[in-house]
Amino acid sequence: MATLLEMRGITKVFPGVKALDHVNLTVEQGEIHAICGENGAGKSTLMKVLSGVYPHGSYEGEIIYDGAPLHCRGIRDSEAKGIIIIHQELALVPLLSIAENLFLGNEVAKNGVINWPECFQKTEGLLKKVGLSEAPTTQVGKLGVGKQQLIEIAKALAKDVRLLILDEPTAALQENDSQKLLDLLLELKRQGITSILISHKLNEISRVADRITIIRDGTSVSTLTTDAISEERIIRDMVGRDMAHRYPERTPNPGEVLMEVEGWNVWHPEQTGRQMIKDVSIHVRKGEIVGIAGLMGTGRTELAMSLFGHSYGRNISGTVKMGGKVVDTSTVTRAIAAGLAYVTEDRKQLGLVLEEPIVKNITLANLAGVATRSVISRGREQQVAEEYRRAMSIRTPSVFQKVVNLSGGNQQKVVLSKWLFTDPQVLILDEPTRGIDVGAKFEIYTIMNELVAQGRGVVMISSEMPELLGMCDRIYVMNEGRIMGELTRAEASQERIMALILKNETAKVA
Amino acid sequence: MADGAVAGGKGIGAHLGGHLRENGMLMALVAIVLLFTVIVRGLIGVDFLSAQNITNLFLQNSYVIIMALGMLLVIVAGHIDLSVGSVVGFTGAVAAVLTVNMGLPVFVVIPVCLLIGACIGAAQGYWIAYWRIPSFIVTLAGMLVFRGLTLWLLNGQNVGPFPKSFQSLSTGFIPDVIGAGKPNVTALVIIAIAAGIVVWLGWRARGRDEKFGITPEPMVMFVARNVVVAAALMFVGYKLASFRGLPNVVVVLGLLTVLYAFFTENTTTGRRVYALGGNEKAAKLSGINTDRLVFLTFVNMGVLASLAGMIVAARLNSSTPKAGVGFELDVIAAVFIGGASMTGGSGKIIGVVVGALIMGVMNNGMSILGIGIDYQQVIKGLVLLAAVIFDVYNKNK
């Protein structure tokens, strides 16, 4: 195998920070090369250097691509050479059709006039390659995230890609969509396309990657071949220490029932007649972590948000009891007063005011707690923020730092702090570890254990089954808006959870 | 990562850099005033900082500042209000009809007009907040509707003059109860007390910051800024006192500025408006009644616009169908020059007042110099653009 790309001694300095320090990366022709590292280790910066976002001259070191030095002045230069990067946040225009998106900026046109028949024909060919059977005229916004991700890959193929870079492509995907995407990567590899895969998910990496480069603190730590790697080894290289336990120890000690939901029904906010949550009954005990398993889009978030101040859906019926008494959770304010907190899965859109400092985000849901007759005490507010900064070990130079500047893990700790300051009895955590690195995950788990030790109840929604199995005392399995079953810690296993999900599918077929 | 890095250092330079926007605007205002002083004296031999001109400056620009206070809240909440100019015209017309045609006393007319302003704000805010109709559309409609109603109410004619009591809203002065004669001792005392309070509040805030371990601004900076502010206040006060005393409008303006600054920075509701503008969904999920908050910012805007409408009518001593035409642009420009963000979520009252003063000083200075309205518009447009470019540049740096 010939070497396609060699990055040697790449150093990139931002004012005050050395983001990359002599990083080396060698990618062979036709391989899938994974890059692993904690958030902030420098993976994305490295890819931005490669793709020309940081132009030649703004970094030190050299890049040899296809046997010749690569000097990119911008993304256009790198794309012309067949280097195409697919970012974590998809760059599709939701209101345009698939065909329009695929050839955006690269239209099938002569003298500025689009040749639609040819465009559609090419689109169909590309869609076939990525295994999609949508019409080329379908609006992209109407597709799910999984399909949109495939469209992004088709878009790269439309540009004659030679080196495809995927930045955490499966972060927002559920299990079966992820599998499809990984299969596609393997298929592309057979066709001779080289890929760089940035991912946190170790099982995916070991499934598809030929080699792995691990980056820590802006330097490349090691490059391993997949035969020689174990998940433990990767984790050790990533965090720089052995992580004997991925989930902190806890002795379960459930007390009396804290929250009880009975006969909960929710209809879709726009589409009439579409029931999203069907007769759901769940309960949470004091000091208990209860998991909700299920694929994405099965109503887990909808359940949580409808419980929390009817923030989702319409025609909501059912009762919520806290400590045996029926409570009104029909507005967020009432839900908070009843002792409920919901930590969203989408912290940037729904959880944080990104341009505001940490201190103002933490007190937002309980301003009364730092105010006397509606007048905020800045001092008290800062004390509260400092307390949570210490308790949660939020890593920041100051609590006056804007949260937009924090890493994913630290942002999540700010959201958690905000909700803890409302002193809830039950916290619903929706994908609490999404998009954060292994080290920060462990910290979040530890915080969860402290919460239940204080006698609170925690509901954890997650798409990652190992995490549910490692953390929860009890797991509800959800599918298509229904609770399909309930497993105790002892009973639960990935197979049994999948079996409960599939029970519905087989029932439907039969 | 790079974005995790924070500029370290605790020198004066670093502090200035961190507060470039606030200090920059203040410095720009001082620079513009000095520039005009020099040019006006050099070219036509008139004192730009004469007592009369300073009084005029406030009388001419009071309405922009008053409305800019409310517009800041609207813009921070992520909206816009294009109707304020027409509301100024309409409430002025209502005031004229009530006082001149119907002979109602001032103490009835003022509250009635303020109430009408609140109702106008509520009517527009209702569609914006609860029906989610873009504020641009609703207030554009309002701009047409209330201009039309003004024409209808006045029959296309000027109505006036107002009785003395109503005029005093704008052209009245605080009576000199201590001294009698010039300079006006009462005015001096009030200004001195105000300056003292400003410095004292700053000192107290500084002490509190220290107590809670917030790094205070360097002592040199603190002293320098307070000396400049207090000196400027005393200078303006002295000039006002040596002319006709403290205009009522200046007192109203001062009180409103303090009130809104306090509201935006220290109250829970004020904080919530900023959160709403920064991320509406997150604010809603934090238990904030975002719809009602949007509604209330428009009600507030309506009240301030009607107050401005009465001040304008009182100053012109008649209500004209054209009163307030184009005011919305001055007000919105003042808010953006003052550093509010176009997407909502940020902006300060003090910045907005400085922004409005910059616009006012330029209007006044250029008029004295006899610069044509054509050039004036071009220059004002470029200043607005430059201020916003300066902001964006600083953010991206």
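This passage describes the domains, sheets, helices and nonpolar cores of a predicted model.

Chain A offers a convenient place to begin. Its domain assignment gives domain 1, made of residues 1-82 together with 162-244, domain 2 (91-160) and domain 3 (257-509). Between domain 1 of chain A and domain 3 of chain A, the C-alpha centres are 33 Å apart.

One open sheet of chain A contains 6 strands, ordered β6-β9-β10-β3-β11-β12, and its pairing is mixed. The edges are taken by β6 (83-86) and β12 (219-225) of chain A; each has a single partner strand, so one side of each has no neighbour in the sheet. On average, and ignoring direction, neighbouring strands here are turned by 20 degrees against each other. At the β12(A) edge, strand β11 (residues 211-216) of chain A runs antiparallel to β12(A), and 6 bridges join the two. Within this pair, A:Ile212 lies opposite A:Leu224 of β12(A), while A:Arg216 faces A:Thr219. The hairpin formed by β11(A) and β12(A) has 2 residues between its strands, and A:Asp217 adopts a positive phi near 50 degrees there. β11(A) also pairs with β3(A), this time in the parallel sense, through 4 bridges. Here A:Cys36 has A:Ile214 of β11(A) as its bridge partner. Helix α6 (residues 175-190) of chain A packs on this sheet and touches β3 (32-36), β9 (163-167) and β10 (194-198) of chain A. The direction of helix α6 of chain A makes about 155 degrees with that of β10(A).

A further open sheet of chain A has 6 strands in the order β18-β21-β22-β15-β23-β24, again with mixed pairing. At its edges stand β18 (340-343) and β24 (482-488) of chain A; a single partner strand accompanies each, so one side of each is left without a neighbour in the sheet. The average turn between neighbouring strands of this sheet is 20 degrees, with direction ignored. The edge strand β18(A) runs parallel to strand β21 (residues 426-430) of chain A, to which 4 bridges join it. In this pairing, A:Leu340 has A:Val426 as its bridge partner in β21(A). Helix α15 (residues 438-453) of chain A lies across β15 (289-293), β21 and β22 (457-461) of chain A, and it runs at about 145 degrees to β22(A).

Turning to chain B, helix α4 (residues 84-101) of chain B has 18 residues, which at 1.5 Å a residue should span 26 Å. The end C-alpha atoms of this helix are 24 Å apart, in agreement with that expectation. Since 15 of the 18 residues of α4(B) are buried, the helix is largely enclosed by the rest of the structure. Just after α4(B) comes B:Gly103, with a positive phi of about 70 degrees.

Finally, the nonpolar cores deserve a look. In soluble globular proteins, nonpolar side chains tend to be buried together. The largest nonpolar core holds 184 residues, of which B:Met67, B:Ala68, B:Leu72 and B:Val335 touch the most other members. Helix α13 (residues 290-316) of chain B supplies the largest share of this core, 16 residues. Setting aside neighbours within four places in sequence, the contacts of B:Val335 are B:Ala68, B:Met71, B:Leu72, B:Ile75, B:Ala340, B:Gly347, B:Val352 and B:Gly355. A second, separate core has 64 residues, among them A:Val23, A:Cys36, A:Met47 and A:Val140. A:Cys36 thus belongs to this second core and is also the bridge partner of A:Ile214 in β11(A).

Methods
Residues numbered from 1 in each chain as written. Chains lettered and ligands numbered in written order. Predicted model: local features only at pLDDT ≥ 70, side-chain atom pairs only at ≥ 80, totals over all residues. Domains from an automatic or database assignment. Pairing = 2+ DSSP bridges. Axes fitted to C-alpha atoms, helices over the stretch in contact; angles between N-to-C directions. Contact = placed C-beta atoms within 7 Å. Expected span 1.5 Å × (residues − 1). Buried ≥ 20, exposed ≤ 12 C-beta atoms within 10 Å, placed from the backbone. Core = buried A, V, L, I, M, F, W, Y, C linked by C-beta atoms within 7 Å.
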